[in-house]
Amino acid sequence: MEQTNELGNPLYYNNRELSWLAFNERVLQESLDKHNPLLERLKFLAIFSSNLDEFFMVRVAGLKDQVKAGFNKPENKAGLTPKEQLSKISDKNHKLVDMQYSTYQNVLLPMLKEENISFVSVDDLTREQYRVMEDYFDEQIFPVLTPMAVDAYRPFPMLLNKSINLTVVLEDEVDVEEEGHKTAIVQVPSVLNRYVELDASNEKDRKFIMLEDIISHFLYKMFSGYIVKSVTEFRITRNADMTIHEEGARDLLKEIEKELKKRKWGAAVRLEIKRDQYDPQVLQFLLNVLEIHRKDVYEVDGPLDLTYLFKFYSDLEEDKDHLVFGGLIPQPPKDIGSEEDLFELVNERDIFLHHPYESFQPVVDFVEDAADNPDVLAIKQTLYRVSGDSPIIEGLKRAAEKGKQVTVLVELKARFDEENNVQWAKELEKSGCHVIYGMNYLKTHSKITLVVRKQKNRIERFVHLGTGNYNDQTAKLYTDMGIITSNRKFGIDATNFFNYLSGYTEKPNYHHISMAPFDIRRDFLALTDQEIQSHKKYGNGRIIAKMNSLTDKKIIMKLYEASRTGVKIDLIVRGICCLRPGIKGVSENIRVTSIVGRFLEHSRIYYFHKNGEGKMYLSSADMMTRNMEKRVELLFPIYDGGIKKRLQKILKIMLEDNMKARVQDSNGNYHYVKRDKGKKSLDSQLELFSMAYTVGEDEE
């Protein structure tokens, strides 16, 4: 017991929020990586900004709520109070944002110029260009703008979350003394493109101007009789976390729709302004009216909200294909022939799928074929995040319209996908699907589909289990894995799982799968204990675990215990990692690698050597407390020897990555993997794509 308590020492843990910032720093590093094409580097700046928006809206907002509520106890692992966390987040994040804009201004914009692509200001325009921009303002922009005066009769407006606004200070043209200065707010319309191309016909020399620059320059046209004394651009980020009162809610769908309306108007948690271009009195005014601290102000050297670079990337990628990653086409899965019947094939053996290296189409086909197959009686599926024009949704609707029993669990509480999922739930219900919304206080994050078919008076069950969402679009960008099996006991487990979600029954005892809350953590702890015992007996203990994030203290303490025993542990953790490797006497046998590259690493793989038995699992769950306790997750074993070998090879390649891999040191800092002299460069994601192209090659 004493040893267990000692392993809980806060010095052995990374703070969750600071570890996330370290992950976002790795995303930012990709914008500096010369191996990435120029437009891709700009896109990484956009990803960094988008990530940060969500971090402020949820994580920082949550800490601020704790401070307001007077909660000042240290958090569970690293022992920091909410105030201490906010202070450290602010210090680290200001440095990262400065680095982001320095990269934008000093590295990437000059490189764009070399490609004859540039952003210009109004002052740079020729007389003719100025006239064209003035006409554009008069005809296209002016009619959309709404000036909002701020005075005793018209209070400061409730501004939309993440919107860009201009605070305009005005002076009466005739009587400058009359009632002092006037203040107005003008919102930069999000319905208009963030930038305007000066001469779209000139493909050789492409020049762009930011929308807010045009508006700022011609604003005087909106305020006749007044002189514009100053224009201050600003952007606010609000608390967007939802408080859903599930207990007593007669209709969760209506409760969520109600909360969605509130989300846009939460308390301000961050204020961004343009450095050296703001009125100090306006800044003080904004701090007061938004009730925001000076530490939450980010002065940036460039355009506010660099997520506009997503659109810029897509506008240029066709004409400037040498500035983007070369096309990599997902290949037909090795386990599936070109024209074979999927269900007959699955009756012969389990099928393994590895996206985006292998096509996601078989998963779509699995649902669509089931919808059209007259022998299929029922389809049951969990949906967490799906694409805007989802072929899977269409397949489920078609199946219901044909009279099949279709049960769909649509997780309405999937953060920032609530609106989409409410819409999908309504559409599926209209088509005759039986739609359920999950369970009280739990998010259903598992990825499972069950198809029930009757042939020759015999019931057959086919199950797809995966690590990623049923989203055909993100399947091109996220690395995920899945199996399709007709194993009878997997089929029984899937049936019991869906009955548990949709009806009133005790939690089932499963043959193969393990389910969170609680059971997956219990099994991880037991598997690690088995590895410790095996190592004591044979001396060859080995654990490899790949996931998005690692935060669960009970699991971390068990991994520390295994490390102390001598078990060699490799953790491939893309994002947050609260475990610290390399601490003498605690985690010397643990190595933590993070791979941030072209694709978002999303698959979860768990391997326990057990003296050559090689227990291999895939899961929808990370080793996070929320996944272990507050979500419905599935962990499932891999039994097929060939699939096991493939997974072992995939893990080996990832552990040999010396291009996109960073290793965490004992202080929680990350460093690029050092490449040994004479050793070839290895980008694991490109290597895995190359493996997918070599169809039919032996996997030994």
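**Exercise 1. A proline in a helix**

Find the helix that holds Pro-82, and decide whether Pro-82 is buried or exposed.

Solution. Step 1: Pro-82 sits in helix H4, residues 82-114. Helices (H or I, at least four residues) and strands (E, at least two) are DSSP runs, numbered from the N terminus. The model is predicted: local features need pLDDT of at least 70, side-chain atom pairs count only at pLDDT 80 or more, and totals for chains, interfaces and linings use all residues. Residues are numbered from 1 along each chain as its sequence is written, and side-chain values use heavy atoms, with hydrogens and water left out.

Step 2: Buried means under 20% relative accessible area, exposed over 50%, partly exposed in between (1.4 Å probe, protein chains only). Pro-82 has 1% relative accessibility, so Pro-82 counts as buried.

Step 3: List its contacts, where contact means heavy atoms within 4.5 Å. Not counting residues up to four places away in sequence, Pro-82 touches Leu-63, Gln-66, Val-67, Phe-71, Asn-72 and Lys-73.

Step 4: Take Val-60 too. Pro-82 and Val-60 are 22 residues apart in sequence, and 9.4 Å apart in space, C-alpha to C-alpha.

**Exercise 2. Three helices, two crossings**

Describe how H11 crosses H12, then how H12 crosses H13.

Solution. Step 1: Two packed helices are described by the angle between their axes and the distance between the axes. Axes are lines fitted to C-alpha atoms, for helices over the stretch in contact, and angles run from 0 to 180 degrees between N-to-C directions.

Step 2: Start with H11 (residues 361-372) and H12 (residues 391-401). Their axes come within 8 Å and cross at roughly 15°. H11 is therefore roughly parallel to H12. Angles under 35 degrees count as roughly parallel, over 145 as roughly antiparallel, 65 to 115 as roughly perpendicular and the rest as oblique.

Step 3: This crossing of H11 and H12 is left-handed. A crossing is left-handed if the near helix is turned anticlockwise from the far one by less than a right angle, and right-handed if clockwise.

Step 4: Name the contact residues. H11 brings Val-363, Val-364, Val-367, Glu-368, Ala-371 and Asp-372; H12 brings Pro-391, Ile-392, Gly-395, Leu-396, Arg-398 and Ala-399. The residues of this H11 and H12 contact split into 8 nonpolar, 1 polar and 3 charged. Ala, Val, Leu, Ile, Met, Phe, Trp, Tyr, Cys and Pro count as nonpolar, Asp, Glu, Lys and Arg as charged, and the others, Gly among them, as polar.

Step 5: Move on to H12 and H13 (residues 418-430). Their axes come within 9 Å and cross at roughly 25°. H12 and H13 are therefore roughly parallel to each other. The crossing of H12 and H13 is right-handed. Ile-393, Leu-396 and Lys-397 of H12 meet Trp-424, Glu-427 and Leu-428 of H13. The residues of the H12 and H13 contact are 4 nonpolar, no polar and 2 charged.

**Exercise 3. The largest core**

Which residues touch the most other members of the largest nonpolar core?

Solution. Step 1: A nonpolar core is a set of buried Ala, Val, Leu, Ile, Met, Phe, Trp, Tyr and Cys residues joined through side-chain atoms within 4.5 Å.

Step 2: The largest one has 108 residues, and Phe-312, Leu-550, Leu-571 and Leu-579 touch the most other members. Helix H3 (residues 38-68) gives the most to this core, with 13 residues.

Step 3: Look around Leu-571. Leaving out residues up to four places away in sequence, its contacts include Ala-545, Met-547, Leu-550, Leu-559 and Leu-579. A second, separate core has 50 residues, including Tyr-357 and Ala-692.

**Exercise 4. Unusual backbone**

Where do the cis prolines Pro-356 and Pro-517 lie, and where does Asp-276 lie?

Solution. Step 1: Most residues other than glycine have a negative phi, and most peptide bonds are trans.

Step 2: The bond from His-355 to Pro-356 is cis, with omega near 0°. Pro-356 lies in the loop between strand S10 (351-355) and H11.

Step 3: The bond from Ala-516 to Pro-517 is cis too, with omega near 15°. Pro-517 lies in the loop between strand S18 (514-516) and helix H15 (519-538).

Step 4: Asp-276 is not a glycine, yet has a positive phi of about 65°. Asp-276 is found in the loop between strand S8 (268-274) and helix H8 (280-290). With a relative accessible area of 71%, Asp-276 is exposed.
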